[in-house]
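I opened this structure to look up how some of its strands and helices are arranged. My notes are below, in the order in which I took them.

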Amino acid sequence: MFDLEKLKDSLISGDIEQTEALTEAALEAGVAAKEILDKGLIPGLDEVGRRFQEGEYFFPELLVSGEAMKKALARLKPALTKAGGATMGKYAIGTVRGDIHDIGKNIVIMMLEGNGWEVTDLGIDVPTETFLKAVREGDYHILGMSALLTTTIPHLAETIEALKAEGLRDKIKVMVGGVSVTPAYAEQIGADAYGKDAVDAVIEAKRLIGKS
Amino acid sequence: MNGLERIHRALKRQEPDRVPHFEFLVDKKVREAIKPGISNEDFHVLMDADGIGLPDKNTAWRYELVNEGERLYRDQWGALVKFSTEAGGIPQEPAIKSEGDFERYVMPDPDEDWRYDKLREAVKRFKGERAIICGATDIFDIVKESFLGDVTMFMDMIRNPELVKQISQRVLDYQLRYIKNCLEVGADFFFINGDYATTNGPMVSPKMAAEFLMPYLKAIVEFVHQNGALLIKHSDGLLWPLFDQIVDTGVDGIHPIDPEAGMDMGEAKAKYGHRICLLGNIDCGPLLTWGTPDEVRQATKECIRKGGKGGGLICMSSNSIHSGVKPENYLAMVETIHKYGTYPLEDHFDNLVIPGSGVWS
């Protein structure tokens, strides 16, 4: 009987090599990939998220655990693909036109990937047309947009309006975030969800596709 | 009393004749809306700003053009940065991608004379009249943004702490030399920009802050003090869990007591007003961008009431007067400081917060 608690603890402590090795060992011991995920890795990452949101963990701890999760997922991927359920979904993310920092976005990407999302980074300073093109041509489940400056917040609304005008709004769920964005503003502009931080973004993304 | 004296007294927690103000950056759009065609320097005079800020990233760092169409540059540390349509450079690719990169790394030369041209101009025009405040970007910020990239930097703090410390030490050596040169040219004060926190809290734990952030900040503080100057530490975000550590480095002031992160000027004054000068606190987020002049006047009066007693307050925006700030809101802030910031503050307010009076509730 393989001890998945140990795997969970290894992920929580952010030990990348050990998490990878234990994932491999679990597979070799015959544990189903989905069970490794559901009983070891996901509860581990949930605990990391809880500690981050409660101020016990900070970016360094969050990111090494995210990296450990990513590495473990890569090991599980062949088995998960066979079982049909390799990814949570596809996520396109970008910082709207004219915006400044992308520290938040990098960390959100890392955490989404750690949680099994296939993420496309549209970059920073992304014009509305680029978001539209991604939605039009891609098969994304969620579009995430962030704005950190009050000057660029209006671009979030503009992009949502443009999606509507192009008949693309129903094709995708839209999440917004960033320092000056509030839940009320997200609702006002017709976004489907608001993410307060990287962990919240992951929780909301899962909720949006009905997997929470 | 002139601007230099006002800011000096405020940083020393002594009462000036009026609460001082200055801005590190006023976007051209805002300046143009208030007085078309005015130069940056003339604008600060028009606003009777008590200090002139010189951000090092804009005045003393070298950038080489890589791709004009994409607004892509290589900064002086070797990182690729993209300049967005409305703001400064955003890191795209860090300078150090492996330990080998750092072994071969050649630091830029802080002694290049051109770096101090803007400072010389400011000294020539304002020395002795208005405070000349040089930006000196925080070591943590330079290493994170230009040397390693944010995600790698945070992970290396756990996985490769020695590399982070080695790079930090080299950048510190550069920055101390830069500061020394600025002092020789005529800088009065230093402004250490670079965030330690986001709106939700510190980026790193207090334990890691003590190991990776504070030693370098403290080294800069001690160097500046040894040379007879004073220093302001800037960090946006919810800073309370690191506040004691920052104060303990010996900084003379902390900016901006970020209202968007829920930091309260009264709380800062009651707890720390007897130890440091407090700066900022006028929200350049929703308030200055979308608020009305009346709301700005109210917030400015509150800032003075809570933070002004006994000196130790410089009232200014919580980051900068960026392109989205309504010009009339910036003007309302400045007018209110001039009107309600004159000492004794008891002439304007009857319930001032007492510095060091204890726990704020």
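These entries cover a sheet in one chain and a pair of helices in another.

Entry 1, the model. I note before anything else that this is a predicted model.

Entry 2, the sheet of chain A. I looked up the strand order and found an open sheet of five strands, β2-β1-β3-β4-β5, with parallel pairing. I checked the edges: β2 (117-126) and β5 (193-195) of chain A each have a single partner strand, so one side of each has no neighbour in the sheet. From one strand to the next, the twist averages 25 degrees.

Entry 3, one strand pair. I followed β1 (residues 89-96) of chain A, which runs parallel to β3 (residues 142-146) of chain A and is joined to it by five bridges. For Gly94(A), I found Met145(A) as the bridge partner in β3(A).

Entry 4, a helix on the sheet. I saw that α7 (residues 153-165) of chain A packs on the sheet and touches β1, β3 and β4 (173-177) of chain A. The direction of α7 makes about 135 degrees with that of β1(A).

Entry 5, two helices of chain B. I took α14 (residues 293-307) and α15 (residues 327-340) of chain B, whose axes come within 8 Å and cross at roughly 40 degrees. That angle makes α14(B) oblique to α15(B). I recorded the crossing of α14(B) and α15(B) as right-handed.

Entry 6, the residues that meet. On the α14(B) side I listed Pro293(B), Val296(B) and Ile304(B) among others, and on the α15(B) side residues including Ala332(B), Met333(B) and Tyr340(B). The residues of this contact between α14(B) and α15(B) divide into seven nonpolar, three polar and three charged.

Notes: Residues are numbered from 1 along each chain as its sequence is written. Chains are lettered from A and ligands numbered from 1 in the order in which they are written. This is a predicted model: local features need pLDDT of at least 70, side-chain atom pairs count only at pLDDT 80 or more; totals for chains, interfaces and linings use all residues. Axes are lines fitted to C-alpha atoms, for helices over the stretch in contact, and angles run from 0 to 180 degrees between N-to-C directions. Angles under 35 degrees count as roughly parallel, over 145 as roughly antiparallel, 65 to 115 as roughly perpendicular and the rest as oblique. A crossing is left-handed if the near helix is turned anticlockwise from the far one by less than a right angle, and right-handed if clockwise. Two residues are in contact if their C-beta atoms, placed from the backbone, lie within 7 Å. Ala, Val, Leu, Ile, Met, Phe, Trp, Tyr, Cys and Pro count as nonpolar, Asp, Glu, Lys and Arg as charged, and the others, Gly among them, as polar. Two strands pair if DSSP finds at least two bridges between them.
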